[in-house]
Amino acid sequence: MKVTLYIDVGNTYTKFATKAREQWYFQQIETKLIQAEVELFSYVNENCGIKDVEKIFISSVVEEKNYLFDRLAKNFYQCEITFLNTTNTTKLNLGDANQSQVGADILANAIYAASLYKKAIVVSLGTATVISQVKNKRLQGAIIAPGLYNSYLNLIETAPKLPLLKFNYSEKNLGNNTEEALSIGFINGFFYMIESLAKNIDPKSKILITGGDAIYLKEIAKINKNIEFIDNMVIKGLAEEFDERN
């Protein structure tokens, strides 16, 4: 049976998704490993178990890789491929945004948020931290800050005596060792930055958190009942935008 393939090409990871009977199936690969369409085809076949693709819907923030996905669709699956961009969305009013600068990931997240709530603040925690607001299906604007874990990696690169560690949430306000101090600094620091910025934007908006680094904030975020975590939001935004049309 032919399937629709949804692809989220991020700076760090690329996700592949299919849907059957409202159930999603996901696989991911490091984006830097995608070098040729033949390898890409082999990965999709072997790891996603996909042999026959009818359509591909894609969100990409890595433009230099786009031609590989275009070739994947045309040369291997002989199917249509649609890249989400500001000219082909029918679900969102872009308002005053500079359309040439709105990333496909911001667009997809906003589309999905607008399908859930009249107004919402979307926090995407990935290579960068991107905070945007949607209100009445209109993109109000965005804030871009450093990524949580990327900031930590940059810190230990310039301060080599600091350890490479996996963050663990602590209810303490002060750490008693380096590991605790770093975890509090990054987890609490990013959480309160996000919470404060969201409050300044609109204290009554629902806050939707997504992205690979969202896992670090799940414990501390329990103190704010207005926060909701949504996995794979870009993929779901692609489906929201294109499924009804096809």
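Trainee: In which helix does Asp-105 lie?
Mentor: Helices (H or I, at least four residues) and strands (E, at least two) are DSSP runs, numbered from the N terminus. Asp-105 sits in helix H3, which covers residues 104–116. Before we go on, this is a predicted model, where local features need pLDDT of at least 70, side-chain atom pairs count only at pLDDT 80 or more, and totals for chains, interfaces and linings use all residues. Residues are numbered from 1 along each chain as its sequence is written, and side-chain values use heavy atoms, with hydrogens and water left out.

Trainee: Where does UniProt place the feature "binding site"?
Mentor: UniProt positions are in the numbering used here, feature names are shortened, and annotations may be inferred rather than shown by experiment. In this case an unreviewed UniProt entry places the "binding site" at Gly-103, Ala-104, Asp-105, Ile-106 and Thr-178. These positions span 76 residues of sequence and are also spread in space, with up to 38.1 Å between C-alpha atoms.

Trainee: Is Asp-105 buried, partly exposed or exposed?
Mentor: Buried means under 20% relative accessible area, exposed over 50%, and partly exposed in between (1.4 Å probe, protein chains only). Asp-105 counts as partly exposed because its relative accessibility is 23%. Thr-178, which lies in helix H5 (residues 178–201), is also partly exposed, because its relative accessible area is 38%.

Trainee: Which residues are in contact with Asp-105 and with Thr-178, leaving aside neighbours within four places in sequence?
Mentor: A contact means heavy atoms within 4.5 Å. With those neighbours left aside, Asp-105 touches Ser-59, Val-61 and Val-234. On the same terms, Thr-178 is in contact with Leu-162 and Pro-163.

Trainee: Now the strands. Which strands does E6 join by bridges?
Mentor: Two strands pair if DSSP finds at least two bridges between them. Strand E6 (residues 119–125) is joined by seven bridges to strand E7 (residues 128–135), running antiparallel. Lys-119 stands opposite Lys-135 in E7, and E6 and E7 make a hairpin with two residues between them. E6 is also joined to strand E9 (residues 206–210), here by five bridges and in parallel. Ala-120 has Lys-206 in E9 as its bridge partner.

Trainee: Why is E6 described as largely enclosed by the rest of the structure?
Mentor: Six of its seven residues are buried, so E6 is largely enclosed.

Trainee: In what order do the five strands of the open sheet come?
Mentor: Follow the pairing from one edge to the other: the order is E3-E2-E1-E4-E5, with mixed pairing. Strand E3 (23–30) and strand E5 (80–83) are the edge strands, each pairing on one side only. From one strand to the next, the twist averages 20°. Strand E4 (residues 53–60) runs parallel to E5, and four bridges join them. Within that pair, Ile-56 is opposite Ile-81 in E5.

Trainee: At what angles do helices H1 and H6 run?
Mentor: Axes are lines fitted to C-alpha atoms, for helices over the stretch in contact, and angles run from 0 to 180 degrees between N-to-C directions. Helix H1 (residues 37–48) lies across strand E1 (3–9), strand E2 (13–20) and E3, at about 135° to E3. Helix H6 (residues 233–242) packs on the sheet and touches E1, E2, E3, E4 and E5; its direction makes about 130° with that of E1.

Trainee: Which domains does the assignment give?
Mentor: Domain bounds come from an automatic or database domain assignment. Here domain 1 covers 3–83 and domain 2 covers 104–239. Their C-alpha centres lie 26 Å apart, and 15 residues of domain 1 are in contact with nine residues of domain 2.
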